[in-house]
Structure formats: structure tokens, C-alpha cells
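Here is a friendly tour of how some helices pack in this model and what surrounds its ligand. Please have the structure open as you read.

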Amino acid sequence: MEKSTWVQSYLKLTVILSINAIILHPVAGVCTTHLYIMKRLILILLAATTLAACQPASNEFAALRNELTDLKTKQAALEKTQYIPHLGWAMVQVQIYHAKLYFAGAAKNWELASYYIHELEEALEDVQKLHLEHEGIKIAELIKAMALPQVENVENAVEQKDTVAFSAAFEKLTTSCNQCHQAAGKSIIHIKVPQGAGLPNQDFTLQP
Ligand code: HEC
């Protein structure tokens, strides 16, 4: 119990005792005086019990307050060290794995394609975790509903080492990227199936 609360209780107690005294004193015979003392004793006992009951609660309150201060300090320290990439930057990572997955699949390097499927999945899951919402758009839900099922389709094609199925599934995945960009009011960002030889500094063909 807080200090102010038990001060309030004490004041209430004093008021009750005073009223008792005013009512009982003018007619104070032996019997009423005895009654008055009894009542006073009961009230004092009650007050003592209440205060005793408040003691552990007050300790608990202090412990909770200390814990809260401790947590606030830790959180402030974490916020200083933790870097959370904003959505645009997290999407660049998604874009890179989208491209690398394609080049690996196009080179029929299924092991590498399988590696990039997992990287793409992880990149999308990171976006889900870090950006539940962005500008009022439910990003995590859209990724789950639109992109992840298409990633799974590509994964099946990679597991079956099926080039035709891979191309079809990759096209659908790319469409899902753009569908979400449209849903999020970002149709200005238009993703396409990569063209050309890949990245200049990485060989996507199967290594001997
Ligand atoms: C939640 C639905 C959603 C899905 C699914 C999605 N994106 Fe995005 N993407 C966004 C939003 C929203 C932005 C704009 C972020 C901003 O405002 O900073 C964006 C931005 C981007 C950007 C722009 C980043 C830059 O700085 O150039 C690229 C590239 C991108 N996404 C690629 C992809 C690719 C590739 C896929 C599919 C594998 C994909 N996105 C799937 C919502 C999505």
C-alpha cells in the first residue's frame, strides 16, 4: 500500500473515533464507557491488522518499481546498439536473393538454388518480424499471404530439378512481389525476372 493510502486510512479512522466519542460521551454511564473502550480497541486492532497486511504489498511495490527501472535502463542500452534496417533496405536484400535464386536455377545449379531459396525465405521472414506494418499496410500478413506460397512453389521445382517448373514458378513469384507493391501503394517499384548473365562478381554454375 502506498504511504498516501494508509495516511488516508489513518485519517478515516480518526474521524470514526471522534464521531464515536461525540455520540457516546454525553450519555457515558459505566456500561457505555465500557462499550466505548471496547469499540476503540476493536478499531485499533483492525487498523493494526490492515497496516500489517499492507507491509508485504508495499515491499512488492518497491521491488516492481526497481525491476521496471532496471528494464528501462536495459531497453535504452539495447536501442542504442540494435540496428533495425528500414523496410526499403530489407527489400534490397530480398531483391538480391530473388536475382541470385534465378541465376542459380537458370544455370541448373540446384544445390545453389536451394541455398538461395532459404536465404530468400529468411530475408522475407526478417521483413515479417521487423515490419508488421508500414505506413498503415499490414506487411507481415501480405508477405505470408502473397509471397511465401510462391517461394514454396519455386522450392518444389528446385527439389525436383525441373527447369520448366522453375521458370513458371519464378515468374509467379515475381508477379507476387509486384502484386504486393501495388497493394502497398508502391507500384512504382516494378520487379522483373532477371535477364543477362548474372552478377559480374559471382559464378552461378555448378563448380567441379
Ligand atoms: C508486403 C508486401 C511486399 C512483398 C511480398 C514484397 N515487397 Fe518489396 N516492397 C514492399 C514495400 C511496402 C516497399 C516500399 C518500402 C518503403 O516504402 O520504403 C517495397 C520495396 C521494395 C524494393 C525497393 C527497395 C529499393 O530501395 O530499391 C524492392 C527492390 C523490392 N521491394 C523488392 C521485392 C521483391 C524482389 C519481392 C519479391 C520477392 C518483394 N519486394 C516482395 C512490399 C512488399
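Helix α3 (residues 87–106) packs against helix α4 (residues 110–130) at an angle of about 165 degrees, and their axes are 8 Å apart. The two helices are therefore roughly antiparallel, a label for angles over 145 degrees. Axes here are lines fitted to C-alpha atoms over the stretch in contact, with angles running from 0 to 180 degrees between N-to-C directions. The crossing of α3 and α4 is left-handed, that is, the near helix is turned anticlockwise from the far one by less than a right angle.

On the α3 side, the contact includes L87, A90, V94 and Y97, and on the α4 side it includes L112, A113, Y116 and I117. Residues count as in contact if their C-beta atoms, placed from the backbone, lie within 7 Å.

The model is predicted: local features need pLDDT of at least 70 and side-chain atom pairs count only at pLDDT 80 or more, while totals for chains, interfaces and linings use all residues. Residue numbers start from 1 along each chain as its sequence is written.

Next comes α4 with α5: their axes come within 10 Å and cross at roughly 175 degrees. That makes α4 roughly antiparallel to α5. Among the residues that meet are W110, A113 and I117 in α4, and I139, A140 and I143 in α5.

The table sets out the residue classes, where Ala, Val, Leu, Ile, Met, Phe, Trp, Tyr, Cys and Pro are nonpolar, Asp, Glu, Lys and Arg are charged, and the others, Gly among them, are polar.

| Group | Nonpolar | Polar | Charged |
|---|---|---|---|
| Contact of α3 with α4 | 15 residues | three residues | three residues |
| Contact of α4 with α5 | 14 residues | two residues | three residues |
| Shell around the ligand | 15 residues | five residues | one residue |

Now to the ligand: 21 residues surround it, and the closest are G88, M91, C177, C180 and A184. A residue belongs here if its C-beta atom, placed from the backbone, lies within 6 Å of the ligand. Helices α3, α5 (139–159) and α6 (163–183) each supply at least two residues of this shell. The most come from α3, with seven residues.

Stepping back, the protein has six helices and zero strands. Helices (H or I, at least four residues) and strands (E, at least two) are DSSP runs, numbered from the N terminus. Of the 208 residues, 14% are buried, meaning that 20 or more other C-beta atoms, placed from the backbone, lie within 10 Å of the residue's own.

Terms used:
Angles under 35 degrees count as roughly parallel, over 145 as roughly antiparallel, 65 to 115 as roughly perpendicular and the rest as oblique. Two residues are in contact if their C-beta atoms, placed from the backbone, lie within 7 Å. A residue is buried if 20 or more other C-beta atoms lie within 10 Å of its own, exposed if 12 or fewer, and partly exposed in between; C-beta atoms are placed from the backbone.
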